[in-house]
Amino acid sequence: MYRAPRGTSDILPREQGYWSYIRQKAAAICELYSYQRIDTPTFEDAGLFVRSIGEETDIVEKEMYTLEDRSGDKLTLRPEGTASVCRAYVEHGMHTLPQPVRLYYDAAIFRYERPQAGRYREHHQFGVEALGEIDPALDAEIIDIAWQFYVNLGLDGLILNLNSIGCNVCRPAYLDTLRGYYAQHLSMLCPDCQRRLARNPLRLLDCKKASCIPLADQAPRSTDYLCGECADHFDQLERYLALLNLPFIVNHRLVRGLDYYTKTVFEIAPEGEVVAQATIGAGGRYDNLIEQLGGKPTPAIGFATGIERLVLNLKKQKRAVPEPVSPSVFIAYLGQDAKEEAIKLVSLLRRSGLSVILACGDRSLKAQLKQANSTGARQAVIIGEDEIKRGTVVLRDMDKGEQQTIQLGEVVKVLSRS
RNA sequence: GUGGGCGUAGCCUAGCGGUUAAGGCGCCAGGUUGUGGCCCUGGAGAUCGAGGGUUCGAAUCCCUCCGCUCACCCCA
């Protein structure tokens with residue numbers, strides 16, 4: 001028997017309420033903030049992701065679904081959304097549009113990882129990107145969209161973590177300082193952190209091992225090493241977030257796993273959750289990425305949120321989502337003549353805008369009404385041999401259990417009224 | 001990649017060495033010559049994840065593999 005591949009899942013009809021609810025809220029907030037939808041290909045040139053995410057990251061080193069097509073091109077199923085949007089920005093000359101360009105996407109994301117709660121090999125992200133402007137007011141706008149989106153979904157108890165990891169000017173010196181600090185405490189570090197020290201010292205800051213946390217708390221803070229421009233940017237952002245009444249907390253241990261981030265980074269997670277995969281949304285500024293991909297130097301900032309994790313949290317917080325709509329009419333028939341009349345009637349009713357289910361399989365009336373009941377239809381139309389002779393139908397109210405006989409020609413009119 | 005837990009009908013669960021593997025939900029049919037929801041009766045549906053071993057005898061014990069799941073690394 002075939003099964004859905006590991007780490008993928010079928011989103012069954014009973015789950016779809018959560019998905020349509022989330023997507024509808026996403027589209028609504030994007031309209032409100034004037035972000036326009038963009039869809040990019042499911043796969044891209046492998047090099048796009050290697051260049052943007054970074055050679056040394058876990059995503060590139062071990063998590064990409066890369067394949068060679070028949071022409072020998074190396075293609076990768078997108079492991080995140082930002083790189084593709086930047087590629088499209090450059091490819092279509094969006095720098096000629098009024099800046100910033102505000103875009104959003106809602107796409108499947110693929111990473112080869114061991115699945116666990118809230119982590120899948122195929123998952124979906126809703127993301128927004130604002131490209132072509134460095135004003136910290138835009139950072140605030142992106143964070144505001146994210147926060148208001150969660151508010152609109154009805155999620156409570158979220159924490160907004162904020163940090164600045166500097167830019168090409170100030171980060172190298174900070175990293176040196178950080179390496180120097182940790183080198184003094186080498187023996188106290190967990191094996192993972194000893195390994196991380198050489199490759200990516202920022203990562204030591206968010207180690208969750210009890211033994212490493214005190215060291216990380218005492219570690220030099222990136223915000224103390226920012227250059228004038230970055231420090232100024234961060235100050236202004238904090239001021240704007242305060243103006244927006246967004247309850248952020250500056251978290252010096254917040255770093256991100258992708259190389260392209262500069263200055264602002266942020267994460268939103270449910271309160272009290274310590275595991276990394278509790279994060280429901282995250283983002284940051286990436287002022288060098290577009291230039292790195294062959295465009296002109298172009299600052300930009302974005303945010304993405306995992307839809308599966310939102311569904312998980314909506315369920316955990318017992319948020320009600322819209323129920324699937326029931327058909328308004330179910331049509332039952334008895335005998336071939338009645339079946340043919342029913343087929344014509346169904347068509348008439350649907351053209352007048354009513355959602356209708358027609359019984360099928362020539363089953364007993366009892367079985368047909370039982371099915372009518374389980375579909376949740378409010379009205380049942382019953383057509384039998386007697387009704388055919390008289391040119392009538394029986395109209396049964398499924399809630400009240402009352403029924404009446406009406407002329408066949410009246411059915412559309414009567415049902416359209418109810 | 002590493003470690004823990006778990007695999008019995010579509011779903012949930014019982015059985016944990018001894019006859020034809022049990023129950024609930026759901027599905028189908030009957031109880032009403034053309035009438036749903038409640039109730040009653042019946043039916044279909046499981047090579048007990050796969051393979052190997054121990055045993056007179058294995059869903060049950062052991063081994064291997066596969067799958068699911070949770071955690072670590074890392075990420076939404």
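How many bridges join strand β12 to strand β14, and do the two run parallel or antiparallel? Keep that in mind as you open the viewer; what you have there is a predicted model.

**Stop 1: the sheet**

Select residues 329-333 for β12 and residues 379-383 for β14: 5 bridges join them, and the strands run parallel. To see one of the pairings, pick valine 329, whose bridge partner in β14 is glutamine 379.

Now bring in the neighbours. The open sheet has 5 strands in the order β13-β12-β14-β15-β16, with mixed pairing. At its edges sit β13 (356-358) and β16 (402-407), each of which pairs on one side only. Turn the view and you can follow the twist: on average, neighbouring strands of this sheet are turned by 25 degrees against each other, direction ignored.

Next, add residues 365-375. This is helix α13, which packs on the sheet and touches β12, β13, β14 and β15 (392-397). The direction of α13 makes about 170 degrees with that of β12.

**Stop 2: along β15**

Stay with the sheet and colour β15. It is largely enclosed by the rest of the structure, because 5 of its 6 residues are buried. On one side, 4 bridges join β15 to β14, and these two strands run antiparallel. Click valine 381 to find its partner in β15, leucine 395.

β15 also pairs with β16, again in the antiparallel sense, over 6 bridges. Here aspartate 397 stands opposite glutamate 402 in β16. Follow the chain around the hairpin of β15 and β16, with its 4 residues between the strands, and stop at glycine 401, which takes a positive phi near 75 degrees.

**Stop 3: a buried glutamate**

Jump to glutamate 80, in the loop between β4 (74-77) and α4 (82-91). Is there a salt bridge here, or none? None: glutamate 80 is buried without one, and the nearest side chain of opposite charge, arginine 111, is 6.1 Å away. A salt bridge calls for nitrogen and carboxyl oxygen within 4 Å.

Look at the backbone instead. The side chain of glutamate 80 reaches the backbone nitrogen of threonine 82 at 3.3 Å, and one of its polar atoms lies 2.8 Å from the backbone nitrogen of alanine 83. Show the surroundings too: leaving aside residues up to four places away in sequence, glutamate 80 touches Phe49, Ile53, Ile109, Arg111, Leu258 and Tyr260.

**Stop 4: salt bridges**

The structure holds 23 salt bridges, so here is a short selection.

Start with arginine 285 and aspartate 139, whose side chains meet at 2.6 Å, N to O. This pair links distant parts of the chain: arginine 285 is in strand β10 (residues 281-285) and aspartate 139 in helix α5 (residues 136-153), 146 residues apart. Both arginine 285 and aspartate 139 are buried. Widen the selection to Asp139, Glu229, Lys263, Arg285 and Asp287, and you have a network of linked salt bridges.

Then try arginine 195 and aspartate 192, with their closest N and O atoms 2.8 Å apart. They are 3 residues apart in helix α7 (residues 191-199), which means about one helical turn separates them. Aspartate 192 is partly exposed, at 31% relative accessibility.

Finish at aspartate 39 and arginine 37, where the salt bridge is 2.9 Å, N to O. Aspartate 39 is exposed, with a relative accessible area of 54%, while arginine 37 is partly exposed at 43%.

Notes:
Residues numbered from 1 in each chain as written. Chains lettered and ligands numbered in written order. Predicted model: local features only at pLDDT ≥ 70, side-chain atom pairs only at ≥ 80, totals over all residues. Heavy atoms only, no water. Pairing = 2+ DSSP bridges. Axes fitted to C-alpha atoms, helices over the stretch in contact; angles between N-to-C directions. Contact = heavy atoms within 4.5 Å. Buried < 20%, exposed > 50% of the residue type's maximum accessible area, 1.4 Å probe, protein only. Lys, Arg positive; Asp, Glu negative; His and termini not counted. Polar contact = N/O pair within 3.5 Å; in protein donor to acceptor, adjacent residues only side chain to side chain.
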